[in-house]
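Biologist: I have the sequence and the coordinates open. Could you walk me through how to read a few features?

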4 protein chains.
Amino acid sequence: MSAARNPAERRRRIVEAACDLIPEVGVGGLTHRLVAARADVPLGATTYYFKTLGDLVAAALEAAAELTAEWLRRWAGELASAADVPATLAALTAAYLRERDRMVTWNEMYAAAGHRPELRPLARAWNDGLTEVLAAHVGPEAARRAAVFVDGAVLHALVNDDPLDQDALAGALAALMTQP
Amino acid sequence: MSAARNPAERRRRIVEAACDLIPEVGVGGLTHRLVAARADVPLGATTYYFKTLGDLVAAALEAAAELTAEWLRRWAGELASAADVPATLAALTAAYLRERDRMVTWNEMYAAAGHRPELRPLARAWNDGLTEVLAAHVGPEAARRAAVFVDGAVLHALVNDDPLDQDALAGALAALMTQP
Amino acid sequence: MSAARNPAERRRRIVEAACDLIPEVGVGGLTHRLVAARADVPLGATTYYFKTLGDLVAAALEAAAELTAEWLRRWAGELASAADVPATLAALTAAYLRERDRMVTWNEMYAAAGHRPELRPLARAWNDGLTEVLAAHVGPEAARRAAVFVDGAVLHALVNDDPLDQDALAGALAALMTQP
Amino acid sequence: MSAARNPAERRRRIVEAACDLIPEVGVGGLTHRLVAARADVPLGATTYYFKTLGDLVAAALEAAAELTAEWLRRWAGELASAADVPATLAALTAAYLRERDRMVTWNEMYAAAGHRPELRPLARAWNDGLTEVLAAHVGPEAARRAAVFVDGAVLHALVNDDPLDQDALAGALAALMTQP
DNA sequence: TATGAATGAGTCTTCATTCAT
DNA sequence: GATGAATGAAGACTCATTCAT
């Protein structure tokens, strides 16, 4: 299971290292050297597995999106068995707002997509996914509104020491999801 | 009024050039050389007026925040004379969602603040300012909710070809601002 | 006859690919990767069949020299049955001056020999061979003069859009081959 | 007159170093590092004065062409006062055939022009210049023939230990320049 | 035998920053 | 005060070559 002579594992480790680094240094701060050091592979390995740094960045963002997909599955599960959907979503969101690394990563994703159009589909994954999950409980418009609000709350939490608390979230989400 | 032999004007031109460049190349893409070329000043001028590149970036982001302050004053004016506050806010927001450069700049601001804590107060300017403006019309909680939603809509527009339209915005904002 | 599992054929394909590439990228532009891709063989094959890149280059230049040998045989045949040797040589040369790839390859050969003395015998093949062919018709001194002139004409054609035309060549070659 | 803080001199030294290196390592062997070391300037200086390596190479080849222009002026002088033009040209050529570095440099020039069309005008300088010089003494056709022959002799000398001797050159050049 | 993986040296290039003028 | 020159560190990327399999 070691990384040496195990291409898939090696590649995975490089991507994982890049992913880990994004919240620390940002997408723009990623360098071959930094990733290689974090992944504990030789410098040459990063260019062997990824033709360009852009490719490596894209792979890292894809991995981040994939992690988010798992995240979404958990949210879907919780909401499926929820008595009060907006309240449950508020609780889940409140927990999310305390995961600084994840929030920073997603903001980096949005910023990267702002400059590299080919990343936009990737950057849509989270919000579209959440909208879809919510649409199982409320109409598509209400679902979109709520998902958009969640992202706004993330942006707010990113630069405020006191993010919106669960009550505030619940109030807003209930308003957005209840209205026709 | 020429830039030569006019320190204040020169400095202003450099900052303006940096500001202009942010939507094009991102905060991470700013370099002394690039800014100097755009501002049409000698390379030395950029380091003469700003001790480090970080200082120049900060000045550019401050300028962006200042532009936003003007923006906010306009929104305050429009809302002061509005019959229907949520609808007017929706109209203003819909217009904002078509200003790609401005949105990209703000997202760069959030991303930068995610990595450089000293920029967080600056990054709060827009959302806090908008909250304050709205608080003149609805309670502070509703104002915050609405402002947060607007930022979520910006994020959405950044990566979607079809941003939320004015009706969708109006519906959501009305829900958020009407509920107690 | 396929290349797989047929060492000789595989080697031949590699050399041929390298030879093809010389006019395109120059001797200095040859790389294992480039040759492997062009020959459609795995990267490892190029180092398996040739200990070093220099060996591969040498093999490619040898192949180019061998192609030239065929070329020379044709010229010998044409001249053997020629009524007017200088005029026939002029016609053959004029045709050569339109074969850009071949000229570039030979110039690369000369340039390579300028830096790698071990290649000099190879680089002499063309001119010595031509001299020998011509010596069957005129004396050795005249043969050498004519061969030297032909190479000068190639160099001229390499950097001029209008190479020497057949009449000019015929005049010069007649003068060189007729004089004692 | 030191190179420090003397841009023109600095640039000159870099170009001169590059020029010196061409016969040793070939145009393809030039690197920023090599040139910087030979010129005894920091690595950064080579890229400061020449945006790309290609620019540096071009500057070096231009310098080589300029040296050749001086060379040509000398030949023009010698021929102007010559009793026997072909014999004098043969003597000058024989001397040239012993200047290995110069010959290698010119062959590199031709090879480089073979791959970089923008260098072709530069590569024509020598032969066109010589043709012009000779045209003052014989007709333009004879002048071109003779110049072409000289270049052929250079190519021959490049890969033969025994270049054409002065007598052989004189015979050939007389034949070429005497015929109408 | 054959080959994909691996890597370390080396390439061009960019750039923040310093500093002499 | 102002600026062009200067440079060393660092970055992305390429590649010959080695080697485990």
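Modeller: Sure, and let's begin with a term: a residue is called buried when its relative accessible area is under 20%. Keep in mind that this is a predicted model.

Biologist: Fine. Which residues of α6(A) are buried?

Modeller: The run goes Met103(A), Val104(A), Thr105(A), Trp106(A), Asn107(A), Glu108(A), Met109(A), Tyr110(A), Ala111(A), Ala112(A), Ala113(A) and Gly114(A). That makes twelve of the 16 residues in α6(A), so the helix is largely enclosed by the rest of the structure.

Biologist: How many Å should helix α6 of chain A span, and what do its end C-alpha atoms give?

Modeller: Count 1.5 Å a residue: the 16 residues, 100–115, should span 22 Å. The end C-alpha atoms are 23 Å apart, which agrees.

Biologist: Now a single residue. Is Thr93(A) buried or exposed?

Modeller: Thr93(A) is buried, because its relative accessible area is 0%, under the 20% cut-off. You'll find Thr93(A) in helix α5 of chain A, residues 85–96. Leaving aside residues up to four places away in sequence, Thr93(A) touches Trp75(A), Val150(A) and Leu169(A).

Biologist: Let's move on to helix pairs. What describes two packed helices?

Modeller: The angle between their axes and the distance between those axes. Here, take helix α7 of chain C (residues 120–135) and helix α8 of chain D (residues 140–159): the angle is about 145° and the axes are 9 Å apart. The crossing of α7(C) past α8(D) is left-handed.

Biologist: Which residues meet there?

Modeller: From α7(C) come Arg120(C), Ala123(C), Arg124(C) and Asn127(C), and from α8(D) His156(D), Ala157(D), Leu158(D) and Val159(D). By type, the contact has four nonpolar, two polar and two charged residues.

Biologist: And what relation holds between chain C and chain D as whole copies?

Modeller: Look at the rotation and the shift together. Chain C lands on chain D after a rotation of 179° with 0.1 Å of shift along the axis, at an RMSD of 0.1 Å. That is the relation of a two-fold axis. The same surface serves both copies, as 97% of the contact residues of chain C recur in chain D. To place the axis, find Gly152(C): its C-alpha is 1.8 Å away, the closest approach of any residue of chain C.

Biologist: Last one: which chains do not touch?

Modeller: Chain A and chain D are one such pair, with their nearest C-alpha atoms 21 Å apart. Chain B and chain C have no contact either, and their closest C-alpha atoms lie 33 Å apart.

How values were computed
Residues are numbered from 1 along each chain as its sequence is written. Chains are lettered from A and ligands numbered from 1 in the order in which they are written. This is a predicted model: local features need pLDDT of at least 70, side-chain atom pairs count only at pLDDT 80 or more; totals for chains, interfaces and linings use all residues. Side-chain values use heavy atoms; hydrogens and water are left out. Contact means heavy atoms within 4.5 Å. Helices (H or I, at least four residues) and strands (E, at least two) are DSSP runs, numbered from the N terminus. The expected span of a helix is 1.5 Å times one less than its number of residues. Buried means under 20% relative accessible area, exposed over 50%, partly exposed in between (1.4 Å probe, protein chains only). Copies are superposed by least squares on the C-alpha atoms of residues with pLDDT of at least 70 in both. Axes are lines fitted to C-alpha atoms, for helices over the stretch in contact, and angles run from 0 to 180 degrees between N-to-C directions. A crossing is left-handed if the near helix is turned anticlockwise from the far one by less than a right angle, and right-handed if clockwise. Ala, Val, Leu, Ile, Met, Phe, Trp, Tyr, Cys and Pro count as nonpolar, Asp, Glu, Lys and Arg as charged, and the others, Gly among them, as polar.
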